[in-house]
Amino acid sequence: MLRFEQVSKSYPGGFVALDRVSFELQKGEMAFLTGHSGAGKSTMLKLISLIERPSTGRVVINGIDLSGIKPGQIPYVRRDIGMIFQDHRLLMNHTVFDNVALPLVIEGFTGRDMARRVHAALDQVGLLDKARCLPATLSGGEAQRVGIARAVVNKPPLLLADEPTGNLDPDLSKDIMRVFEAFNQAGVSVLVASHDLSLIARMRYRTMTLKSGKMINDGLMHNEETL
Amino acid sequence: MSILFNGRASGASDSAPGLLQKLMMGVVTHLRQAVSSLGELWRSPVWTLVTIAVLGVSMTLPATLHVLVKNLQQVSSNYDQSFEISLFLKNDVTETDIATLVTLLQGDRDVGKVRLIDKTAAMAEFKQESGFGEAITFLDQNPLPDVLLVTPSQSKPAAAEALMNKLQQERFVELAKLDISWLERLAAIMSLVQQVVYTIAALLLCGALLVIGNTIRLLIMDKKAEIEVMKLVGATDSFIQRPFLYTGIWLGVFGGFLAFLVIELMLFWLRGAIANVTQLYQSGFSLNVLTLQEFGILMLIAIGLGLVGSYLAVRSHIKAIEPC
C-alpha cells in the first residue's frame, strides 16, 4: 500500500531530515510513527503528501512511484490521501459543514449528494449537531474531529495524521485514537505520527520510531525506554 | 479518476450517471464560485470601492473623449458633403456659350450637380447682402462674372481637387476655385485628436490593470491560509484561482457601469449648455450619446481589464503559495 525504499531527505545547508528510511504499510494496516520532534516524522508525512520530494530513494503508493507524479497531478494524488494536522487547519470563517464539504466541493459534488456525505462523515466523528457552528466556537477536541471528518469525507484509502492529539488532554486523545481505530476497522490504512508514547504503548499497534532521521525501531513497542 | 488507486471512484463526475448531469454540476460549481466571489467583495468594501472607482474613472476619460471626437466628426461631416467648385466664367461669354458648357458639364460622370448664378442674379444678391445698397446702382456696368457652382459626384477632397483641375482647362472658364484646405486641416486635427485619445486611453487602462492586479493580490494574500488548506485537500490551481478571476470580472462589471453612469450624467449636464450654443448659431446640431453597441464595447473592455488584471495577479501568486 505505502512503501518507502531507502528514502533520504536533506535540505540545503546539509541538514539531513531522513536517512535511508525503508518500511512498508500494508493495506488496511494501522501504524504509529514516533520520535522526538525534529526526528523526521513530519518530513515523512510531507513526502507522502507530496509537499516535499525525497532527495534519494522512492516513495511508492499502491505500486505507483510518486517521483513520476507531475506537479499538475499532485492535487489528484492528495484527494486519495486524507490528512489530519496538529493545528487542524480549519477555515475559521466557514461553518463546520462547509469545512467538511470542502474536499467534496473541490471534486465537484453539489446539493443533496454532497450534504449526505458530509452528514455521514460528521456522524462518524460524533459532531452531527455542530454542523452549523463556526470552528471558533468548538473545543480543541471537537475541532480536531472536524479535521478528521474533512479528511475522511471523500473516503480515501489512506489516512495520515500529524500529531493529531498534540494539543489535547489524555481523555480527548483517547477519543481521537478510537476514531482512527474505527476507520481502520472499516479498511482504511492509517499512519499516525505522534510523540504521545504512553498512549501509543497502550494502543498496541505497530510502532515505528525515528531518531535523527533514522528508523531505529519497527514493531510493537512494549516499553518506553527503547528511545 | 484516481491516479493512485485504479478504479477508485473519485469526484462527482465519476459517480454521475449522465453527461448532462456532469455538465449541470460544472455549471452549478461555476455559479457558486461567481456568487461567492461577489460576497467576498462585499466583505472588503473599501478596497472594492476604491478599485471600482479607479477603473471607472480610467474608463470614463477615454470614453468621454471618444464621445467628443464622435460629435466633432459629425459636425465636420456636415461640411464634408457641401464642397462645391466655383467656376468663374470669362467676361465675354454669351448665354449660348454658358448653356453649352452647362450641358457639357452635366454629361460629365464626375459632376454631380451644376447650378448657374448669372451676373444679374449675383448682383442682386450682392446688393442685398453686402450693404452697399444704392451705391452699387451708380456702377456703369456689372463687374461680376457669371458663376457656375459644380458639386462633384464624389464628396472626397481628392476627387474634388482633380475635377477642379480638369474644369480649369475649359475654354470659357476664367478661374476655378475650391476651398478645401481648411477641411483638410480639420481632418488632420481630428485624426491627431483621435490618436491622442487612443494613447491616453491605453495609458489609463494600463494603470487600471495594475490597480486591479494589486487588489486581487491583496485578496490572495489575505486568504493565504485558506489557499494552503485547499491545496492540501486536493484543489487544483485552476479551482483555487477561479473565484479570483470572477472577482476581477465583477470589478470590471461595476467599473464599466460606473464609467457609463458618469458619462451619461455628464452628457445630461452638458446638454443644456450645448443647446444654448447651437441655438445661437442656428444649427441643427444634436449631441450624440453612447449607443447600445458602444455601451457593450465599454463593458466588454472593462470586464476584459478585470479578467486580465486578476489573471496576471493570480498566475504568479497562487502558484507561489505552497503548504508547508
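## The A–B contact

In this predicted model, 24 residues of chain A meet 23 residues of chain B in the contact between the two chains. On the chain B side, three helices each supply at least two residues: α1 (12-15), α2 (19-43) and α8 (224-232). The largest share of that side comes from α8(B), with four residues. By class, the side of chain B that touches chain A has 14 nonpolar residues, seven polar and two charged.

## Helix α8 of chain B

Which residues of α8(B) are buried? They are B:I227, B:V229, B:M230, B:K231 and B:L232. These buried residues pack against elements of both chains. From chain A come α2 (74-78), β6 (81-84) and α3. From chain B come α9 (237-280) and α10 (292-320). Just after α8(B), B:G234 takes a positive phi of about 100°.

## Overall build of chain A

Chain A has seven helices and 10 strands. Its radius of gyration is 17 Å, close to the 17 Å that the globule rule gives for 227 residues, so chain A is as compact as a globular protein of that length. The C-alpha trace of chain A spans about 45 × 40 × 35 Å along its principal axes.

Of the 227 residues of chain A, 45% count as buried. Sequence-distant contacts feature too. Among contacts in chain A between residues at least 6 apart in sequence, 69% join residues at least 24 apart.

## Nonpolar cores

In soluble globular proteins, nonpolar side chains tend to be buried together. The largest nonpolar core here has 70 residues. A:V100, A:A149, A:L159 and A:L160 have the most contacts inside it. Helix α3 (residues 96-106) of chain A gives the largest share of this core, seven residues. Another core lies apart from it, with 31 residues. Among them are B:L55, B:I220, B:F244 and B:F254.

What does A:V100 contact, leaving aside its neighbours within four places in sequence? The partners are A:V118, A:A121, A:L122, A:V146, A:A149, A:R150 and A:V153. One of these, A:A149, is also among the residues with the most contacts inside the largest core.

## The β9–β10 hairpin of chain A

Strands β9 (residues 206-211) and β10 (residues 214-220) of chain A run antiparallel and are joined by six bridges. One pairing is A:T209 with A:N217 of β10(A). The two strands form a hairpin with two residues between them. In the turn, A:S212 has a positive phi of about 50°.

## The surroundings of A:S194

A:S194 sits in the loop between β8 (189-193) and α7 (197-203) of chain A. Is this loop residue buried or exposed? A:S194 counts as buried, because it has 24 C-beta neighbours inside 10 Å, and the cut-off for burial is 20 or more.

Not counting residues up to four places away in sequence, A:S194 touches A:F32, A:T34, A:E163, A:T165 and A:I200. A:P54 is 140 residues from A:S194 along the chain, and their C-alpha atoms are separated by 22 Å.

## Domains of chain B

The domain assignment divides chain B into domain 1 (32-79 + 184-320) and domain 2 (84-178). Domain 1 thus has two listed segments. Taken over C-alpha atoms, the centres of domain 1 and domain 2 of chain B are separated by 54 Å.

Definitions and conventions
Residues numbered from 1 in each chain as written. Chains lettered and ligands numbered in written order. Predicted model: local features only at pLDDT ≥ 70, side-chain atom pairs only at ≥ 80, totals over all residues. Rg over C-alpha atoms; globule rule 2.2 N^0.38 Å. Buried ≥ 20, exposed ≤ 12 C-beta atoms within 10 Å, placed from the backbone. Contact = placed C-beta atoms within 7 Å. Nonpolar A, V, L, I, M, F, W, Y, C, P; charged D, E, K, R; others polar. Core = buried A, V, L, I, M, F, W, Y, C linked by C-beta atoms within 7 Å. Domains from an automatic or database assignment. Pairing = 2+ DSSP bridges.
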